[in-house]
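This report walks through one protein model, from its terms and overall layout to its cores, its charged pairs and its surface. Please keep the sequence and the structure in view while reading.

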Amino acid sequence: AAAYVLWGVLPLYLRLLRHVPASQILAHRVLWSVVMLVVVALLFRRVRTIVASVTWRTLLLLSASASLIALNWLVYIWAVQNAHVLDASLGYFINPLVNVALGVMVLSERVRRIQWVAIALAALGVGVMALSNGSSIWISLVLALTFGFYGLIRKVVAIDALGGLLIETILL
């Protein structure tokens, strides 16, 4: 519940920081996340395990996922600072549809008929919202696609959540 409350308050905070460039806010987020994640990895004595799990393939995939999440954060921060909160929100409504599409097309996941009905209804709802908003759909699409492909990469990379997040953040 606290995470959802904080996520809901974040746009208000970012709006207050509209005089600060989005790239600077992102840089602070990365810097302080590295500090926090290193402390967590040290406290849980996970540093050796994380280092041992790093391969060139892992680094390559985490570099790609880090780039995607950084672009996602940057566009989100910019959107909120420039009064495009609805466009940003729409992106996160589109994201589950992107996730399903990637799961079916890339991971060969099966979808049952009733699930296709639910997907169609969700797509219809998102379409209606996009058309009625009449605003910057590019923000919504960038957020949905970057987060969707980020999730796909993180699903296939051979590293646990803490290790992946720590290495991604260090790479950024």
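## Terms and overall layout

A residue is called buried when its relative accessible area is under 20%, exposed when it is over 50%, and partly exposed in between. By that rule D160, with a relative accessible area of 32%, is partly exposed. The model discussed here is a predicted one.

The protein has eight helices and zero strands, and from the N terminus on its elements run α-α-α-α-α-α-α-α. Along the principal axes, the C-alpha trace spans about 50 × 45 × 30 Å. Of the 172 residues, 34% count as buried, and about 10800 Å² of the protein is exposed, with carbon and sulfur atoms supplying 72% of that area. Among contacts with a separation of 6 or more, 85% come from residues 24 or more positions apart.

## Nonpolar cores

Which residues touch the most other members of the largest nonpolar core? In this core of 19 residues they are L14, I25, L26, Y76, I77 and L143. Helices α2, α4 and α7 each supply at least two residues of the core, and α4 gives the most, with eight residues.

I25 shows how such a member is surrounded: leaving aside its neighbours within four places in sequence, I25 is in contact with L14, L17, V20, I77 and Q81. Two of these partners, L14 and I77, are themselves listed with I25 among the core members that touch the most others. A second, separate core has eleven residues, including L37, I50, V157 and L166.

## Helix α8 and its cover

Helix α8 covers residues 161-171, and its buried residues are L162, G163, G164, L166, I167, E168 and T169. What covers these buried residues includes α2 (22-43), α3 (47-52), α4 (56-81) and α7 (137-156). Within this buried set, L166 also belongs to the second nonpolar core, whereas E168 takes part in a salt bridge.

## Two salt bridges

A search of the whole structure finds two salt bridges. In one of them R46 pairs with D160, and the closest N and O atoms are 2.0 Å apart. This pair links distant parts of the chain, since R46 lies in the loop between α2 and α3 while D160 lies in the loop between α7 and α8, 114 residues apart. R46 counts as partly exposed because its relative accessibility is 22%, and D160 counts as partly exposed because its relative accessible area is 32%.

The other salt bridge joins E168 to R154, with the closest N and O atoms 3.3 Å apart. Here E168 sits in helix α8 and R154 in helix α7, 14 residues apart. Are these two residues buried or exposed? E168 has a relative accessibility of 2% and therefore counts as buried; R154, at 18%, also counts as buried, because the cut-off is under 20%.

## A nonpolar patch on the surface

Nonpolar side chains are also found on the surface, where L31, W32, V35, V39, L43 and F44 form a patch with about 660 Å² of accessible area together. One of its members, W32, is placed in helix α2 and, at 53% relative accessibility, counts as exposed. Helix α2 also supplies at least two residues of the largest nonpolar core, and α2 is among the helices that cover the buried residues of α8.

Note on methods. Residues numbered from 1 in each chain as written. Predicted model: local features only at pLDDT ≥ 70, side-chain atom pairs only at ≥ 80, totals over all residues. Heavy atoms only, no water. Buried < 20%, exposed > 50% of the residue type's maximum accessible area, 1.4 Å probe, protein only. Helix = DSSP H or I, 4+ residues; strand = E, 2+ residues; numbered from the N terminus. Contact = heavy atoms within 4.5 Å. Salt bridge = Lys/Arg side-chain N within 4 Å of Asp/Glu carboxyl O. Core = buried A, V, L, I, M, F, W, Y, C linked by side-chain atoms within 4.5 Å. Patch = residues over 30% accessible without salt bridge, like charges linked within 9 Å, V, L, I, M, F, W, Y side chains within 5 Å. Areas by Shrake-Rupley, 256 points an atom, 1.4 Å probe, with all protein chains shown as cover.
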